[in-house]
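Okay, thanks for coming, everyone. I'll put the structure up on the screen and then talk you through a few spots.

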Amino acid sequence: MAWDFSTEPEFEAQLEWMRGFVRDEIMPLETLDLDRDTFGRITAPLKEQVKERGLWAAHLPPELGGGGFGQVRLGLMHEILGQCRFAPGVFGNQAPDSGNAELLAIGGSPEQKERWMHPLLRGELRSCFSMTEPGAGADPTLLSTRAVRDGDDYVINGHKWFSSNASNADFLIVMAVTDPDVSAYQGSSMFIVPVETPGVQIVRDIPVMDHPTVTGKLYGGHAEVLYTDVRVPVENLVGNPGDGFRLAQQRLGPGRIHHAMRWLGQSKRAFDMLCERAVSRYTHGSVLADKQMVQDWVASSAAEMQAARLLTLHAAWTMDQVGASNARVEIAMIKYWGARVLHDVIDRAVQVHGSLGFSGDLPLEEMYRAARAARIYDGPDEVHKASVARRILRGYQPVDTPTEHVPTRAEAARRKFADYLEAATADL
Ligand SMILES: Cc1cc2nc3c(=O)[nH]c(=O)nc-3n(C[C@H](O)[C@H](O)[C@H](O)COP(=O)(O)OP(=O)(O)OC[C@H]3O[C@@H](n4cnc5c(N)ncnc54)[C@H](O)[C@@H]3O)c2cc1C
């Protein structure tokens, strides 16, 4: 099947506008130390411009106020937004709110959409996706948070951590086991839990590489959360009991493509810094651009980024053609390939800048710290690699003799062409 990643000229014009807008209007905010209110006042008119261009919350279908753009075009948008950590928020596409809105769009009841999803899309509410536990991360079958039906309520007990944005959220979407007698994949469910519900305790924002001492002032950190006898009405169950993992997969598929494209935006920014420094810095008799090792970084980074871009666009295109569940291999591949490229390109950009690259005078050190997490969140690289390998290997059968064994093939070829070979010998 031919692949087609092309987009129409009108959309190209939108992308061009986005490039200028992100560079000129949003990136300068990175350099200011803003509190949330000031940031909100500055970005409010910017958000209006985004809405006027029809680019607000573009991840959702038109009936829910989105652009209905499909994954390829969304991916291309995220490549631009990924350059600056504030840009997704200005475009109504901020994680984890965007993924949670998608989740509610897929699995939420009409009342849940009205009460939680639409305000989320309008930017009036903030949310959190609370699944990982200290004892259960890459292997979700180990989840121990329980939700037990009690009359018209569910009662939730458990201990989560790395619930991003919990300390800043109005509601949490909590994954809990509702049927411990079946596999967690069939026995887990998601609940909307308003953050002020009695029994919800945001213990702390965990210090991380990204912000080691204090949490971001603008966004909540990665929180540890205790749920003790948290009572929510049955109406807060998303979908049906046992739907948790099915919904989580549908939420994470597109999210991974958008992550991968945002990583490319970050990589390209680091790459531009790498190249600018290479042609500018003079040392040991020439500019760095003349050193073969630096040329290797430039050439390798360019090729790796191009490969990541094509892999990601192909995964997006496959999703648009056949849906997320039929694009699992493609989506898993971009997770580990994209995260690795992101890390390596930023690392080379740091290196080529020497001590300046290690300093806070450039955004690289912050980008580097954030990039390290990409190999862990949304499932560690190793898990995605294992899943890709498993699916690929299903297409192979065990054999006693390798299919390509030359003596065996030669024997078969002699039999196949015996008449010709005999004739050739007879002619001698
Ligand atoms: C910045 C950040 C933000 C996050 N945000 C959220 C959030 O909003 N909500 C949420 O619920 N979670 C969130 N997480 C948690 C994230 O999803 C988990 O960290 C991730 O799933 C891995 O789980 P774990 O940390 O428990 O690692 P573990 O499960 O303990 O795995 C540790 C390591 O073991 C190795 N490993 C694991 N399984 C295998 C395997 N099968 N084969 C080979 N090696 C393996 C991998 O190297 C892995 O890194 C976030 C994490 C980070 C870092």
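**Helices first**

So, let's start with helix α3, residues 70-81, and helix α8, residues 244-280: their axes come within 6 Å and cross at roughly 40 degrees. Keep in mind that this is a predicted model. How do we describe that kind of packing? Two packed helices are described by the angle between their axes and the distance between the axes. An angle of roughly 40 degrees is neither under 35 degrees nor in the 65 to 115 range, so α3 and α8 are oblique to each other. The crossing of α3 and α8 is right-handed.

Who's touching whom? On the α3 side you've got Gln71, Leu74, Gly75, His78, Glu79, Ile80 and Leu81, and they meet Pro254, Ile257, His258, Met261, Arg262, Leu264 and Gly265 in α8. Sort the residues of that contact by class and you get 7 nonpolar, 5 polar and 2 charged.

Now, α8 has another partner to show you, helix α5, residues 97-107. The axes of α5 and α8 are 9 Å apart, and the angle is about 135 degrees. That makes α5 oblique to α8, and α5 passes α8 in a right-handed crossing. From α5, the contact uses Gly99, Glu102, Leu103, Ile106 and Gly107, and from α8 it uses Leu247, Gln250, Arg251, Pro254 and Gly255. By class, the residues of the α5 contact with α8 come out as 4 nonpolar, 4 polar and 2 charged. If you're following on screen, look for Pro254, which is listed in the α8 contact with α3 and also in the α8 contact with α5.

**Domains**

Zooming out, the domain assignment gives domain 1 (9-121), domain 2 (127-238) and domain 3 (245-393). How far apart are the C-alpha centres of domain 2 and domain 3? They lie 29 Å apart. The contact between them takes 8 residues from domain 2 and 10 from domain 3. On the domain 2 side, that's 6 nonpolar, 1 polar and 1 charged.

**The ligand**

Last stop. How many residues surround the ligand? There are 20, and the closest are Met131, Gly137, Ala138, Ser164 and Glu382. Domain 2 and domain 3 each put at least three residues into that shell. As for elements, β1 (127-130), β3 (153-164) and α13 (381-393) each supply at least two. By class, the shell has 11 nonpolar, 7 polar and 2 charged residues.

Okay, that's my tour.

Note on methods:
Residues are numbered from 1 along each chain as its sequence is written. This is a predicted model: local features need pLDDT of at least 70, side-chain atom pairs count only at pLDDT 80 or more; totals for chains, interfaces and linings use all residues. A residue is near a molecule or strand if its C-beta atom, placed from the backbone, lies within 6 Å of it. Helices (H or I, at least four residues) and strands (E, at least two) are DSSP runs, numbered from the N terminus. Ala, Val, Leu, Ile, Met, Phe, Trp, Tyr, Cys and Pro count as nonpolar, Asp, Glu, Lys and Arg as charged, and the others, Gly among them, as polar. Domain bounds come from an automatic or database domain assignment. Axes are lines fitted to C-alpha atoms, for helices over the stretch in contact, and angles run from 0 to 180 degrees between N-to-C directions. Angles under 35 degrees count as roughly parallel, over 145 as roughly antiparallel, 65 to 115 as roughly perpendicular and the rest as oblique. A crossing is left-handed if the near helix is turned anticlockwise from the far one by less than a right angle, and right-handed if clockwise. Two residues are in contact if their C-beta atoms, placed from the backbone, lie within 7 Å.
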